[in-house]
Amino acid sequence: MAVLTAQEDDFPRWYQDVLTKAKLAENGPARGTIVIRPNGYVLWERMHAEVDGRIKAAGAQNAYFPLLIPMSFFEREAQHVEGFSPELAVVTHGGGKELAEPLAIRPTSETVIGEYMAKWIDSYRDLPLILNQWANVVRWEMRPRIFLRTTEFLWQEGHTAHATEPEARQYARRILREVYEDFMRNILAMPVIVGRKTARERFAGAANTMTCEGIMRDAKALQMGTSHELGQRFSQAFEIAYSTADGTRNHCWTTSWGASTRMLGGLIMCHGDDFGLVLPPALAPVQAVVVVVKESDGAVTRAASALVDELKAIGMRAKLDDNSSQGFGWRATEWDLQGVPIRVELGPRDVADSAALLFRRDTREKSSVGLSSVVDAVRKLAPRIQSDMLSAATARRDAVIVDCATLDEAREVAQAGVARVPWELVGDAGEAELAAGGLTVRCLQRSDGLLPESDDDTGALAYVARAY
């Protein structure tokens with residue numbers, strides 16, 4: 001029977017235990033690479049489908065661009081190449097010969113997509129151009145951790161070109177709110193903090209970076225998704241320009257935005273407990289498992305199978321566990337590890353009494369339900385669990401956020417929690433001091449919860465924390 005390290009004893013060890021014992025992922029043969037096992041990849045497939053649907057609803061079309069990018073592309077935008085140089089993996093030989101020009105394995109695709117946007121855009125009629133790709137990227141990570149920081153990871157990256165700055169700004173914020181925040185709150189049940197990155201934390205080459213920050217059970221922050229206003233820096237570097245109705249030639253305003261398999265790590269660490277994963281029903285590949293606790297003459301299996309069919313008929317993702325030859329305790333532990341939201345337990349006595357036991361994974365509460373009412377009870381319970389998980393995660397997050405009146409107080413609080421302090425008390429100098437102690441300003445947010453309009457927005461609050 002699987003046993004996990006307790007979170008309060010060693011949170012990093014607990015996280016690694018969940019990855020291993022829930023059969024989610026393991027280290028690949030090359031340093032910093034990962035193998036995502038079927039149990040983990042099905043979660044990514046669910047995330048992919050939900051995010052992809054939201055991206056397409058926002059007007060984007062999917063495309064694919066090369067993995068290998070000429071180094072000269074990066075050199076066209078100075079801040080971009082400077083920001084990514086330490087993370088680049090570069091191919092210098094191919095076919096047994098030294099290449100005339102080294103090729104970077106994409107760390108992100110602003111440069112290569114910019115090259116093709118310049119070819120595809122000629123007139124204002126070609127705008128906006130809204131593209132997205134699902135791909136792998138490589139960033140040479142010094143301290144890899146599965147799903148959180150790995151040399152290779154999976155993600156989506158969106159890239160757009162617009163006629164005006166306001167249009168680009170509005171679209172970047174639309175992605176942040178309608179795609180990322182909506183997905184994270186309503187599917188992952190994660191109450192992310194939405195804010196503006198400081199200049200120090202900004203994406204290399206961006207004019208503005210906005211973020212969704214999750215707070216994990218150990219009170220550390222995790223950047224879950226970002227959206228960038230790139231201004232005209234890339235359009236000028238790659239000559240992404242269009243002709244207006246009167247024939248004037250203008251450079252486009254561009255954006256980029258992305259979310260990755262890091263969301264899997266966030267899901268685990270935000271909701272997981274000492275028994276394993278805890279999955280929100282909206283995401284869970286299996287929302288309800290019907291378990292045959294013990295069998296005698298086949299009656300229990302027939303009743304359980306009928307329940308699964310009925311659950312599937314109402315649109316639930318249901319699964320039958322009729323492996324009664326294996327001990328129920330072992331199977332229950334495995335379903336706990338995998339985080340299935342609802343477990344319906346059925347044995348000979350239950351069938352005789354026309355009843356079943358309902359177990360909800362998030363609170364570990366059990367209740368007896370009449371056999372004829374099981375399907376309706378499960379149907380009603382799933383959205384309740386979804387809502388309760390968001391409420392519980394919000395309460396845990398809010399419990400570790402402390403309002404601070406000085407930089408010293410913020411520094412102390414952020415050692416084991418999240419400090420919220422006026423940005424004017426921190427500033428660039430204070431941020432550098434915090435960074436020296438392993439603390440970062442995760443984002444800036446106005447007191448009304450809205451995004452600051454500039455780096456110097458009066459009244460902006462800084463969220464300070466340790467981060468993954």
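Helices (H or I, at least four residues) and strands (E, at least two) are DSSP runs, numbered from the N terminus. The exercises below concern a predicted model, in which local features need pLDDT of at least 70, side-chain atom pairs count only at pLDDT 80 or more, and totals for chains, interfaces and linings use all residues. Residues are numbered from 1 along each chain as its sequence is written, and side-chain values use heavy atoms, with hydrogens and water left out.

**Exercise 1. The largest pocket**

Determine which helix and strands each supply at least two residues of the lining of the largest pocket.

Solution. Begin with the terms: on a 1 Å grid over the protein atoms alone, a pocket is an open set of points with protein on both sides within 12 Å along at least five of seven lines, whereas a cavity is a set of points where a 1.4 Å probe fits but cannot get out; lining residues have an atom within 4 Å of a point. Grid points are joined across faces, edges and corners, and a volume is the space filled by probe spheres set on the points.

Next, take the size: the largest pocket holds about 1,400 Å³ of space. Its lining comprises 46 residues, of which Glu87, Arg139, Arg149, Gln223 and Arg262 are the closest to the centre. The elements sought are helix H4 (78–84) and strands S8 (152–162), S11 (221–231), S14 (253–260) and S22 (440–445).

Finally, sort the lining by class, where Ala, Val, Leu, Ile, Met, Phe, Trp, Tyr, Cys and Pro count as nonpolar, Asp, Glu, Lys and Arg as charged, and the others, Gly among them, as polar. The result is 16 nonpolar, 15 polar and 15 charged residues.

**Exercise 2. The largest cavity**

Identify the element that gives the largest share of the lining of the largest cavity.

Solution. The model has four cavities of 30 Å³ or more, and the volume of the largest is about 70 Å³. Among the residues that line this cavity are Glu110, Met117, His159, Phe234 and Thr254. Helix H5 (110–120), S8 and S14 each supply at least two lining residues. H5 gives the largest share, with four residues. By class, the lining divides into five nonpolar, five polar and one charged.

**Exercise 3. Two open sheets**

State the strand order of the open sheet of three strands and of the open sheet of five strands.

Solution. Two strands pair if DSSP finds at least two bridges between them. The sheet of three strands runs S4-S6-S5 with antiparallel pairing. Its edge strands, each pairing on one side only, are S4 (68–70) and S5 (89–94). Neighbouring strands here are turned by 50° against each other on average, direction ignored. S4 pairs with S6 (residues 97–105) over three bridges, and Pro70 has Leu103 in S6 as its bridge partner.

The sheet of five strands runs S16-S15-S17-S18-S19 with mixed pairing. Its edges are S16 (318–321) and S19 (365–370). The average turn between neighbouring strands of this sheet is 25°, direction ignored. S18 (residues 355–360) and S19 are antiparallel over six bridges, with Leu358 opposite Ser367 in S19.

**Exercise 4. A helix pair**

Decide whether H2 and H6 are roughly parallel or roughly antiparallel to each other.

Solution. Axes are lines fitted to C-alpha atoms, for helices over the stretch in contact, and angles run from 0 to 180 degrees between N-to-C directions. H2 (residues 38–57) and H6 (residues 165–186) pack at about 155°, with axes 10 Å apart. Angles under 35 degrees count as roughly parallel, over 145 as roughly antiparallel, 65 to 115 as roughly perpendicular and the rest as oblique. H2 and H6 are therefore roughly antiparallel.
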